[in-house]
Amino acid sequence: MRIEMPREIERFGAVRLGGLQKVFELDSGLKKNPSPEQGSAIQQIPYEALYEIEKEMAIVVPVRNERLKLVEGVLCGIPHQCLTIVVSNSPRAPVDRFSMEKDALENFCQFVDKHAIIAHQKDPLLARAFDEVKYKSILTSRGEIRDGKAEGMIIGTVLAWLAGKKYIGFVDSDNYFPGSVEEYVREYAAGFFMSRSRYSMVRIVWHSKPKIAESKLFFRKWGRTSSNTNRFLNKLLSHYHGFETELIKTGNAGEHAMTIDLARVLDYSAGYSIEPYHIINLIEKFGGINESPFPEVMREGAEVYQIESRNPHLHDSGDEDHIKDMSYVAMQVIYHSSVCPEELKKEILKEMAHHRYLPRGERPPRPNRFPALASINAEAFLEEVESTEYGRLIGEGRL
Ligand code: GDD
Ligand code: MG
């Protein structure tokens with residue numbers, strides 16, 4: 001891959017946030033000159049280097065009731081050397097959608113000769129494992145794992161960690177272009193190649209989203225939700241720096257990856273608020289405003305890379321209510337952050353009232369939060385899921 005270095009970097013305590021990076025070549029060949037050419041702002045990352053990183057990466061695919069053809073396409077876009085982890089919250093009755101997904105994955109794995117993990121979000125064994133390691137916030141009062149994309153991602157992260165992976169990436173399962181899935185994974189690896197810290201994150205900005213407008217294909221760049229979330233996150237940065245910035249372009253990046261070391265020290269937030277909360281929590285924990293519970297991260301620093309993909313992104317876009325909901329929960333997590341200044345809170349309330357997300361004068365409730373996974377005893381968790389197929393494969397070190 002040939003990719004530009006971040007042109008701008010904003011430092012926030014121990015957090016380095018990089019500006020948007022453009023990809024010049026998706027495949028720039030074999031090893032030639034892995035370090036940036038002198039005086040060049042563009043870096044060639046040889047194919048072998050990406051391959052080595054991908055070998056240590058798990059790709060988590062959250063699924064809830066998607067068309068099987070789409071999920072199969074996503075599986076085929078994940079490079080062979082990555083561990084695939086499907087976390088499904090699809091219904092099991094009246095039709096057992098999960099067992100159809102499981103069949104499709106097993107069939108796929110047989111053809112491509114690899115092992116993969118598939119788990120159901122409502123598997124009582126998983127719920128028991130979380131209970132056992134005292135990670136109770138993910139459970140409902142009935143002891144089931146909660147619904148939600150973030151909740152599925154947490155399961156995937158724990159499984160990737162148990163399988164000994166160094167990196168974890170997420171790709172949605174409703175993606176129509178397998179080629180774009182492959183590209184996201186390569187870009188995750190490129191970000192990790194460039195990073196100098198064990199605590200790094202890579203976030204993708206879609207190049208465009210094709211839409212039909214006036215019977216023509218139109219490639220839209222920014223959706224309403226992302227523009228709104230980015231605007232508020234940038235206002236937060238601007239408040240502390242005293243300089244207006246537009247650096248954040250990935251407030252809602254569903255396609256993102258982290259080192260497992262970073263994934264274990266960040267807190268999580270429910271459902272679709274997870275992505276903006278990553279940025280917020282990085283600033284809360286490592287931005288130098290509050291005392292950090294992880295001094296080792298303060299010493300080493302955390303890095304965020306934002307990469308612009310080349311493929312258009314086509315997925316099953318949700319209805320108006322779903323889009324409003326994503327915008328609302330993003331504002332909720334910014335509003336409730338300990339680092340959110342009063343003026344920004346007021347602006348958020350105004351925006352919420354303007355869109356009638358909330359009656360004037362009311363405050364939004366705080367979305368559910370889940371503490372960092374670092375407190376989990378991995379061995380105890382594994383013991384609980386030992387009887388599953390993936391538990392056995394992990395136990396035997398075969399993934
Ligand atoms: N395991 C699991 N559990 N997966 C879920 C759940 C759940 O409860 N809910 C949704 N998913 C899966 C979906 O099947 C899909 O693969 C993925 O999570 C994203 O859900 P969508 O409903 O398709 O989200 P979206 O397309 O509106 O939004 C996506 O892009 C946004 C950026 O524009 C998501 O990735 C958002 O998180 C992201 O902010
Ligand atoms: Mg979608």
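This text walks through the pockets, the bound ligand, the cavity and two backbone details of the structure above. The model is a predicted one.

Start with the open spaces. The largest pocket holds about 1,100 Å³ of space. Its lining is made of 45 residues. Find Asp-172, Tyr-272, His-315, His-322 and Met-326, because these five lie nearest the centre of the largest pocket among the residues with an atom within 4 Å of a grid point. By class, the lining has eleven nonpolar residues, 18 polar ones and 16 charged ones.

Which elements supply at least two residues each to this lining? There are three strands and two helices to find: S5, S9 (199-205), S10 (209-213), H7 (224-241) and H11. Helix H11 gives the most, with four residues.

Now look at what the pocket contains. Ligand 1 sits in the largest pocket. Two elements each give two or more residues to the shell around ligand 1: strand S5, which spans 57-63, and helix H11, which spans 320-335. Both S5 and H11 also appear in the list of elements that line the pocket.

The shell counts 21 residues around ligand 1. Those that come nearest are Glu-66, Asp-172, Asn-252, Tyr-272 and His-322. Three of these names deserve a second look. Asp-172, Tyr-272 and His-322 are also among the residues nearest the centre of the largest pocket. Sorted by class, the shell has six nonpolar, eight polar and seven charged residues.

Zoom in on the oxygen atoms of the ligand. One contact goes to the backbone: an oxygen atom of ligand 1 is 2.8 Å from a polar backbone atom of Gly-148. Asn-252 also offers a polar backbone atom, and an oxygen atom of ligand 1 is 2.6 Å from it. Ser-173 uses its side chain instead. There, an N or O atom is 2.7 Å from an oxygen atom of the ligand. How much of the accessible area of ligand 1 does the protein cover? On its own, ligand 1 has 740 Å² of accessible area, and the protein covers 93% of that.

Move on to the second largest pocket. About 400 Å³ of space lies in it. Its lining has 21 residues, and those closest to its centre are Lys-102, Glu-106, Ile-118, Glu-389 and Tyr-390. Helix H3 (97-112), strand S7 (117-120) and helix H14 (389-395) each give two or more residues to this lining. Helix H3 provides the largest share, five residues. The classes here are nine nonpolar, three polar and nine charged.

Next comes a closed space. How many cavities of 30 Å³ or more are there? The count comes to one. The largest cavity has a volume of about 40 Å³. To find it, look for Ser-269, Tyr-277, Glu-284, Gln-332, Val-333, His-336, Ser-337, Arg-366, Pro-367 and Arg-369, which line it. Helix H9 (274-286) and helix H11 each give two or more residues to this lining. Helix H11 thus has a part in the cavity, in the largest pocket and in the ligand shell. The cavity lining divides into three nonpolar, four polar and three charged residues.

Finish with the backbone. Most peptide bonds are trans, and most residues other than glycine have a negative phi. Two places in this chain depart from those habits. The first concerns a peptide bond. The bond from Ala-93 to Pro-94 is cis, with omega near 0°. Pro-94 lies in the loop between strand S6 (83-88) and helix H3. Helix H3 is the one that gives five residues to the second largest pocket.

The other place is Asn-65. Asn-65 is not a glycine, yet it has a positive phi of about 60°. This residue lies in the loop between strand S5 and helix H2 (68-77). Strand S5 is one of the elements around ligand 1.

Definitions and conventions:
Residues numbered from 1 in each chain as written. Chains lettered and ligands numbered in written order. Predicted model: local features only at pLDDT ≥ 70, side-chain atom pairs only at ≥ 80, totals over all residues. Heavy atoms only, no water. Near = heavy atom within 4 Å. Polar contact = N/O pair within 3.5 Å; in protein donor to acceptor, adjacent residues only side chain to side chain. Areas by Shrake-Rupley, 256 points an atom, 1.4 Å probe, with all protein chains shown as cover. 1 Å grid on protein atoms, 1.4 Å probe; cavity = no way out; pocket = protein on both sides within 12 Å on 5 of 7 lines; lining within 4 Å. Sits in = over half its atoms within 2 Å of the grid points. Nonpolar A, V, L, I, M, F, W, Y, C, P; charged D, E, K, R; others polar. Points joined across faces, edges and corners; volume = space filled by probe spheres on them.
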